[in-house]
Amino acid sequence: MASPEMKSIRQQLPRWLETSLPCATRGNVASYIPELSKAPHNALGITLLSATGESASAGDCGLRFTMQSISKVFTLILALMDNGEDEVFSKVGMEPTGDNFNSMLKLELVRPGIPFNPMINAGAITVSSLIRGSSPEEKSERILHFFKDLAGNDRLDYDMGVYRSESDTGNLNRSISFFLKENGVLSGDVEEVLDVYFRHCSIVVDCADLARMALVLASNGTDPLTGKQLIPRRYVQIAKTFMTTCGMYNASGEFAIQVGLPAKSGVSGGILTLVPERYGIGVVGPALNDKGNSYAGVHLLQTISRELDWSMF
Ligand SMILES: NC(=O)CC[C@H](N)C(=O)O
């Protein structure tokens, strides 16, 4: 028997999705990674998964897309598990930037030149350099394995087309990385660090995978469906705080007001969000707004959060 709330979500979800769909026409699919421009412009899908294992889905929830920046939440957690917080926060800060996710601006403006936070590219590339492993292959393997555990999906893998596309064209990320190397923030070989970063950005998921990963965060690090503790509670707390303050880039303040849930978006149009203790949620809508977040996806989450009074604030 589904809970009364889940019953009502299942009933209303298709209509909420329908009303958010037109927003997609106002957005644009990311094209700076050429392979991403092939994504279906008008797609919109969502899956919600409850801590009791009930789910509700609507629209293009089966669409497969690369995690992109959503992966930054989980590489941060793995880096924290590998190194502890003191080491990680000696290399990356805790503050929002108010700039675009790929901006270099503050790296030079503010001393010491460590990235402001792990959700912007500079911070996430630094975090990739902190993942333990004797080679880029081993680091990437550990990341993929961790993501498989979190998603409860052994078949997670890379989209090699997207990986190559970003690796061939990612000169801004190269510039950021060389700058970090010059400042002594990045240690190791820049191309090897970038390889780890581009690979985890290209891990393919659908909405159900994101919902399950989000549910682990909603449940303070334990997968409620298996009872396994996958992440120490403290690191989930850190991750959810960054999601709230920086997860939607320089639209995180607006998202906190309009939706009021910890979330992380990616340029392929995915959004991972959660209702503490209760739901993990995965959304996809490839057409992005000018801040790089899914246009229709944000609208849909705003509708659901208002209808169900889900804001944490
Ligand atoms: N916002 C994003 O999703 C950015 C991730 C992308 N791989 C990049 O580095 O540009």
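1. The shell around the ligand divides into 3 nonpolar, 7 polar and 1 charged residues. The model under review is a predicted one. The residues that surround the ligand are Q68, S69, F101, N102, N121, E166, N173, C201, G266, V267 and G292.

2. The ligand shell also has a relation to the domains. At least three of its residues come from domain 1 (4–65 + 207–308), and at least three come from domain 2 (69–201).

3. One member of this shell, E166, is also among the buried residues of helix α7 (residues 160–169). The buried residues of this helix are V162, Y163, S165, E166 and S167. The elements that cover them include β4 (65–66) and α9 (190–201). As background to reading such a list, an α-helix has 3.6 residues a turn, so residues three or four places apart point the same way.

4. Strand β8 (residues 279–284) deserves separate attention. The strand is mostly covered, with 6 of its 6 residues buried. Y279, I281 and V283 point one way from β8, while G280, G282 and V284 point the other way, and all are buried.

5. Strand β8 has pairing partners that should be described individually. With strand β2 (residues 45–50), β8 pairs in the antiparallel sense over 6 bridges. Within this strand, V283 is the bridge partner of I46. With strand β7 (residues 270–275), β8 again pairs in the antiparallel sense, over 6 bridges. Here G282 of β8 is the bridge partner of L272. Thus V283, which is the partner of I46, and G282, which is the partner of L272, point opposite ways from the strand.

6. The connection between β7 and β8 is a hairpin, with 3 residues between the two strands. In the turn, E277 has a positive phi of about 70°.

7. Turning to the whole chain, the protein has 13 helices and 9 strands. The C-alpha trace spans about 55 × 40 × 35 Å along its principal axes. The radius of gyration is 18 Å, which agrees with the value near 20 Å that a compact globule would have with 313 residues.

8. Two further values describe the packing of the chain. Buried residues make up 52% of the 313 residues. Among contacts between residues at least 6 apart in sequence, 68% join residues at least 24 apart.

Key: Residues are numbered from 1 along each chain as its sequence is written. This is a predicted model: local features need pLDDT of at least 70, side-chain atom pairs count only at pLDDT 80 or more; totals for chains, interfaces and linings use all residues. A residue is near a molecule or strand if its C-beta atom, placed from the backbone, lies within 6 Å of it. Ala, Val, Leu, Ile, Met, Phe, Trp, Tyr, Cys and Pro count as nonpolar, Asp, Glu, Lys and Arg as charged, and the others, Gly among them, as polar. Domain bounds come from an automatic or database domain assignment. A residue is buried if 20 or more other C-beta atoms lie within 10 Å of its own, exposed if 12 or fewer, and partly exposed in between; C-beta atoms are placed from the backbone. Helices (H or I, at least four residues) and strands (E, at least two) are DSSP runs, numbered from the N terminus. Two strands pair if DSSP finds at least two bridges between them. The radius of gyration is taken over C-alpha atoms; the globule rule is 2.2 Å times the number of residues to the power 0.38. Two residues are in contact if their C-beta atoms, placed from the backbone, lie within 7 Å.
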